[in-house]
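The following exercises concern a structure that is to be examined alongside its sequence. Each task is followed by a solution in steps.

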Amino acid sequence: MPERAPGERKAVATTLPLQVVILLAWLVPGLGHLLLGRTRRAPVFAVVILVAFAVGILLNGELIVPKDGDPLSYLAFAAVLGNGVLFVAAKLLGLGAGVVTSASYEFGNTFLLTAGMMNLLLLLDVHDIVTGKKDW
Amino acid sequence: MLDHFSLMALHAVLIAVFFAFLWKADRRERWRYFWKVFGALLLGAIAVGWLMYPFPRT
């Protein structure tokens, strides 16, 4: 059963410009869906991304920043930047520096990259919902 | 908790839950999709692992 019939949604974000909704959705995982009235899916997305991010940090993963001579680091940076405030908060707290010698370093990176990319996918979903391409 | 399999399973669970909720609206469809994605990731990784078995890194 769909979580709500289309007409029942209380979409707070319908009054906000698309860019603002997408910006908020990027900053806080799940917030975009919450603003659009997807009250059941929003917390699930938030928890999944938060758990993936936290596990990545706990596994000594690295919040990769662009490095000269390493083109792939730019892609990785784009992915981890997708974590929004989680990325900024972790950087401010000195987390996510990455311990290359740790056995779980690559696992941590995988979780951090995945969390960011999942949030970026949510931005596309928010876009589709606001523009009417997706009605649930 | 730090072994390869547990972490891989956790990763698969998170991804399967995420995509089930992203792409499926119906509760029954979500469950089916979850198990499909979770199974594909877990069994696929094991299968690839066995395929790589004859080719050690050293």
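**Exercise 1.** Determine how many residues each chain gives to the contact between chain A and chain B, and characterise the side of chain B.

*Solution.* In this predicted model, the contact draws on 18 residues of chain A and 13 residues of chain B. Next, assign the chain B side to secondary structure: helix α1 (residues 4–23) of chain B supplies the largest share, 9 residues. Finally, sort that side by class: 10 residues are nonpolar, 1 is polar and 2 are charged.

**Exercise 2.** Decide whether A20(B) is buried or exposed, and describe its surroundings.

*Solution.* Begin with the location: A20(B) belongs to helix α1 of chain B. Then apply the cut-off, under which a residue is buried if 20 or more other C-beta atoms lie within 10 Å of its own. A20(B) has 21 C-beta neighbours inside 10 Å and is therefore buried. Leaving aside residues up to four places away in sequence, A20(B) touches R30(B), Y33(B), F34(B) and V37(B). As for L43(B), which is 23 residues from A20(B) along the chain, the two C-alpha atoms are 18 Å apart.

**Exercise 3.** Compare the radius of gyration of chain B with that of a compact globule of 58 residues, and describe the chain as a whole.

*Solution.* For a compact globule of 58 residues, a radius of gyration near 10 Å would be expected, whereas chain B has 14 Å. The C-alpha trace of chain B spans about 50 × 25 × 15 Å along its principal axes. The secondary structure of chain B consists of 2 helices and 0 strands. Of the 58 residues of chain B, 12% count as buried.

Conventions. Residues are numbered from 1 along each chain as its sequence is written. Chains are lettered from A and ligands numbered from 1 in the order in which they are written. This is a predicted model: local features need pLDDT of at least 70, side-chain atom pairs count only at pLDDT 80 or more; totals for chains, interfaces and linings use all residues. Two residues are in contact if their C-beta atoms, placed from the backbone, lie within 7 Å. Helices (H or I, at least four residues) and strands (E, at least two) are DSSP runs, numbered from the N terminus. Ala, Val, Leu, Ile, Met, Phe, Trp, Tyr, Cys and Pro count as nonpolar, Asp, Glu, Lys and Arg as charged, and the others, Gly among them, as polar. The radius of gyration is taken over C-alpha atoms; the globule rule is 2.2 Å times the number of residues to the power 0.38.
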